[in-house]
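This briefing covers domain layout, sheet order and helix packing. Please keep the sequence and the 3D view open while reading.

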Amino acid sequence: MSPATEKLTRLIAAEDRFDHSHAELRETQLEALDERFQERKDRIKLLGHRAREAGTTEIRSREDMVPLLFPHTVYKSYPESFLIEERWDRLGKWLGTVSPHPISPVETSNITDIDDWIERLAAKGHYVSCSSGTTGKSAMLLASEQDMEWSRTDTVNVFSWGSGVRPERDRRMMGLAPTAAVPKNLVIGAAQQAAFGDPARERFRLPIPAITVGSLTKMIVLRKKIADGTALPGELAEFDRTSTARQEALDKAMIAGAEALIRYRHEKLYISGLWNALYQVAKIVRDMGYSAKDFHPDNCIYVGGGLKRAQLPPDYQEFVHQTFNIPANRDFQNYSMQELNSGMPKCQKGGRYHVPPWIVPFILDEQGQTLLPHETGEVEGRAAFYDLSLDGRWGGIITGDKISLDFSPCACGCKGASVRNNIVRYADLQGDDKIGCAGTIDAYVRGLS
Amino acid sequence: MSAVNTELKPADAVVSAPFFLRGELVEGQDALHRSRDLGVTFATPRIDLDRAVHPRTEVPPLLNVPLAEIIDFLVETGERLRDPGNPFVEECIDRMAATHVLPRAVLEGQVKGAATYLDKRLLYTVVEQNFPDPKALDEWVLKQDFTGRKSFVRAFAPRLVHVLPGNSPGVAVKSIAQGAMVKAVNLFKMSSSDPFTTVAVLRTMADIDPGHAIVKSMSAVYWRGGDDAVERALYRPQYFDKIVAWGGGDAISNVTKYLGPGFQLVSFDPKTSISMVGREAVMSDEALDLAAGLAAADVMVLNQEACVASRFIFVEADQRDADRFCERLHARITEKAAGSGDARPLDLDLREQIDTLVMLDDEFRVWGKTDGKGLVIRSDEPVDFHPINKTANVVRVDSLDDAIRYVNVATQTVGFYPHQRMPDYRDRLASCGAQRIVRLGEAGPSTIGNPHDAMYPLHRFVHWMAHEDGVVLGGGD
């Protein structure tokens with residue numbers, strides 16, 4: 001790794017890593033951006049293309065980086081037919097356009113499904129994590145062994161910093177998240193377990209089969225068939241039956257989760273999940289007659305992801321915290337996304353998300369094309385980041401989020417850049433109501449989620 | 001610098017968009033709205049909901065105005081719209097240029113061009129094609145069946161809400177004319193990308209005769225589509241018979257929740273248009289040039305903002321010939337694009353997807369760049385995304401028969417070359433869901449009064465009313 005990048009990523013475990021001001025980091029970050037660009041421009045095809053189009057040969061200012069940041073949608077830019085028709089060699093070729101490392105050829109003739117393909121790639125050191133897109137395509141994010149290693153360390157540091165919980169392997173792990181079994185999630189889960197879980201106490205998992213990429217893909221395939229007009233009613237009815245059965249299994253698992261929480265209520269717990277599931281389980285626990293007073297006073301909670309469009313009452317967070325007796329100073333929140341390899345934990349005192357030195361934040365205009373002037377104070381706009389820790393793909397990403405980034409010191413005392421706790425997705429903002437007569441078949445596909 | 005939580009930036013120029021309520025102009029700056037296309041803010045008055053509806057106890061003002069008089073009024077409106085000195089139109093174009101994706105000259109052409117719809121012969125033809133007996137609009141028409149039972153039938157004046165689209169200002173003129181010809185009480189809900197044209201046309205009409213029943217039958221307002229506070233109050237059968245809505249997705253799903261007995265939807269659905277180019281086109285250089293030029297014309301209708309504009313072009317050829325076609329098509333599209341002065345860059349994620357195809361160059365080929373100046377992509381099946389902003393996807397097929405499976409319920413117009421092959425395909429195209437088949441290069445024009453969106457709209461608009469009048473003795477035979 002090159003000197004400036006190395007200097008910044010070396011801070012991964014530094015206690016004071018969030019205490020470096022923007023002014024202090026600016027020059028080193030700029031050097032590191034150029035290092036990354038020089039190393040990658042001839043190795044990532046898409047980056048090379050972007051650089052040629054923009055006429056960029058070196059990064060001398062943060063502006064120079066803007067045309068080279070990839071929109072988050074780039075990781076779903078593969079032609080869908082490659083996935084639907086199971087053309088693994090083609091998908092491999094597509095991965096090659098966004099990968100800095102040559103994709104080692106895998107035997108594709110006898111691949112059974114996408115899970116099998118992902119497994120074979122992992123055996124060669126290419127870790128593909130798919131996001132569960134609510135509609136349409138899922139993103140395929142490629143990572144290297146080095147990225148997996150980074151995640152293992154970063155996830156523990158982020159949780160520990162944000163929640164104040166020391167990694168002392170003294171808790172029972174309670175996993176309440178029906179999450180997708182993709183490499184990144186698996187690595188994070190295992191690392192948290194190793195750091196915080198008591199090896200003598202078995203981890204609780206929801207008694208449901210793992211959500212695989214294959215099962216997510218089935219839905220995408222069916223959606224395409226509906227749009228094409230080739231899906232028959234019987235197939236849709238069958239899909240509905242499967243969905244209902246899956247939902248019933250999930251509902252039962254939630255009860256099992258609530259029962260397990262009650263069973264272990266006197267133990268020190270590490271509860272993890274997504275808000276929606278945590279809220280449901282908390283409700284069941286309350287209905288069964290248990291609440292804060294019954295739980296250990298030093299519990300902690302790790303929540304991943306946003307609401308994912310779940311409709312919950314406004315006080316859902318308090319409700320969950322109060323049910324499981326989570327101390328007020330253990331309110332852990334983390335701002336991150338599949339596209340990044342590092343987290344930005346929220347501090348207890350200032351209530352802001354802190355950007356580590358190896359993530360270079362950019363605030364762009366809403367269109368994601370122009371860098372907004374920003375040297376001091378707080379600026380609002382579209383978030384973009386360059387994660388210098390990333391090895392297996394390009395670290396520059398333009399997100400779908402609207403954030404307010406502040407270069408002033410936070411109330412918690414940290415001098416580094418921080419993000420206000422009012423992040424929204426542009427897609428969820430009330431859009432305008434432009435309608436036109438031109439449109440696609442998507443408007444004719446009903447109810448599939 | 002702190003600009004947190006200010007959705008509407010005061011730095012933006014605020015353009016004012018007045019309303020028109022049953023003959024009267026309503027001005028005001030009570031509410032600010034945003035047109036997301038260009039990030040421009042516009043100000044409107046508060047909507048006086050009570051004035052937007054016409055009481056059921058009063059018959060519609062146009063009911064007993066003869067169709068001939070209505071058409072004369074519309075024709076005069078057309079003349080005034082084309083008049084270069086019309087202050088309402090000038091002002092409207094000024095304002096629109098600030099909020100619209102299309103360039104000023106295109107908009108000007110559209111507003112003036114839309115006025116050509118207000119032609120006497122044209123309007124009569126539209127009515128005659130929509131109604132077997134247009135007299136039913138003016139009077140109770142006598143009917144008698146073979147049993148001798150007799151009645152009067154009237155194409156009674158309906159109460160209509162029109163949810164207008166924003167991508168084609170011409171629709172405003174057409175909707176006003178159609179609403180007038182069926183003698184409806186009309187409420188036009190304007191779009192954020194054009195909250196001006198409808199009011200400009202109505203002001204032009206009020207300038208002719210402010211007291212005319214036609215003017216008293218028209219209202220045009222803006223609210224953000226899906227705004228429950230307005231829609232829950234207005235979208236009721238007590239106030240309106242039908243909602244005439246353009247578009248799909250959220251625009252329609254917001255509307256459908258209000259449908260029920262007495263409140264029906266007449267929908268103009270979102271559509272994709274395509275072209276089919278037979279192997280005849282690659283048989284000679286002349287034919288190739290001709291077909292590429294015609295296809296480019298269809299792609300570039302309203303700079304590809306309209307539903308009739310072609311997006312996928314199925315070409316019956318081998319890869320080499322398909323590439324020859326693509327090259328010429330690209331040249332013709334860029335010519336037209338340059339001529340229009342419109343070079344909006346492609347949206348980021350569309351750019352990204354196209355750039356990816358550039359990388360996968362053994363299966364896709366791309367002519368042009370993602371700079372908004374015209375682009376052609378050749379592939380073996382249609383691309384996943386919706387080609388827009390001067391982007392054509394040429395899909396190579398061995399036979400046009402293979403292209404049929406890509407026609408679906410969202411397909412509107414199919415441009416065909418050579419036209420002699422159209423009869424072989426029209427049944428299959430209709431069966432798959434397509435609505436029009438045209439000669440390549442003629443996606444725009446249609447025979448006056450022809451069905452739109454698989455229906456005769458005016459016939460659907462009216463409130464068909466029967467007055468049963470007993471049996472004529474000895475009338476049966």
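**Sheets, domains and helix packing**

In chain B, strand E9 (residues 185–189) and strand E10 (residues 218–221) run parallel and are paired over four bridges. The model is a predicted one. Chain B is assigned domain 1 (14–270) and domain 2 (272–439), and chain A is assigned domain 1 (3–143 + 353–428) and domain 2 (146–335).

**Chain B: the sheet containing E9 and E10**

- Within the E9–E10 pairing, Leu187(B) has Ser219(B) in E10(B) as its bridge partner.
- Helix H5 (residues 170–181) of chain B packs on this sheet and touches strand E8 (159–163), E9 and E10 of chain B.
- The direction of this helix makes about 170° with that of E8(B).
- The sheet is open, has seven strands with mixed pairing, and follows the order E3-E2-E10-E9-E8-E11-E12 (chain B).
- Strand E3 (24–26) and strand E12 (264–268) of chain B are the edge strands; each has a single partner strand, so one side of each has no neighbour in the sheet.
- On average, neighbouring strands here are turned by 20° against each other, direction ignored.

**Chain B: the sheet containing E18 and E19**

- Another open sheet of seven strands, with mixed pairing, has the order E15-E16-E17-E14-E13-E18-E19 (chain B).
- Its edges are strand E15 (365–367) and strand E19 (436–439) of chain B, each with a single partner strand, so each has one side without a neighbour in the sheet.
- The average turn between neighbouring strands of this sheet is 20°, direction ignored.
- Strand E18 (residues 411–417) of chain B pairs with E19(B) in the parallel sense, over four bridges.
- Val414(B) has Ile437(B) in E19(B) as its bridge partner.
- Helix H11 (residues 319–340) of chain B packs on the sheet, where it touches strand E14 (310–316), E15, strand E16 (375–379) and strand E17 (391–397) of chain B.
- Between the direction of H11 and that of E17(B) the angle is about 165°.

**Chain B: domain contact**

- The C-alpha centres of domain 1 of chain B and domain 2 of chain B are 34 Å apart.
- Contact between them involves eight residues of domain 1 of chain B and 10 residues of domain 2 of chain B.
- On the side of domain 1 of chain B that touches domain 2 of chain B, six residues are nonpolar, two are polar and none is charged.

**Chain A: domain contact**

- For domain 1 of chain A and domain 2 of chain A, the C-alpha centres lie 26 Å apart.
- Domain 1 of chain A contributes 25 residues to the contact, and domain 2 of chain A contributes 21 residues.
- Helix H5 (80–84), helix H7 (114–123) and strand E2 (127–130) of chain A are the elements that give two or more residues to the domain 1 side.
- H7(A) gives the most to that side, with four residues.
- By class, the domain 1 side has 14 nonpolar, six polar and five charged residues.

**Chain A: packing of H12 and H13**

- Helix H12 (residues 275–287) of chain A packs against helix H13 (residues 316–323) of chain A at an angle of about 50°, and their axes are 9 Å apart.
- H12(A) is therefore oblique to H13(A), and their crossing is left-handed.
- From H12(A), Trp275(A), Leu278(A), Tyr279(A), Ala282(A), Val285(A) and Arg286(A) meet Tyr316(A), Phe319(A), Val320(A) and Thr323(A) in H13(A).
- The contact of H12(A) with H13(A) comprises eight nonpolar, one polar and one charged residues.

Technical notes
Residues numbered from 1 in each chain as written. Chains lettered and ligands numbered in written order. Predicted model: local features only at pLDDT ≥ 70, side-chain atom pairs only at ≥ 80, totals over all residues. Domains from an automatic or database assignment. Contact = placed C-beta atoms within 7 Å. Nonpolar A, V, L, I, M, F, W, Y, C, P; charged D, E, K, R; others polar. Pairing = 2+ DSSP bridges. Axes fitted to C-alpha atoms, helices over the stretch in contact; angles between N-to-C directions. Parallel < 35°, antiparallel > 145°, perpendicular 65-115°, else oblique. Left-handed = near helix turned anticlockwise from the far one by under 90°.
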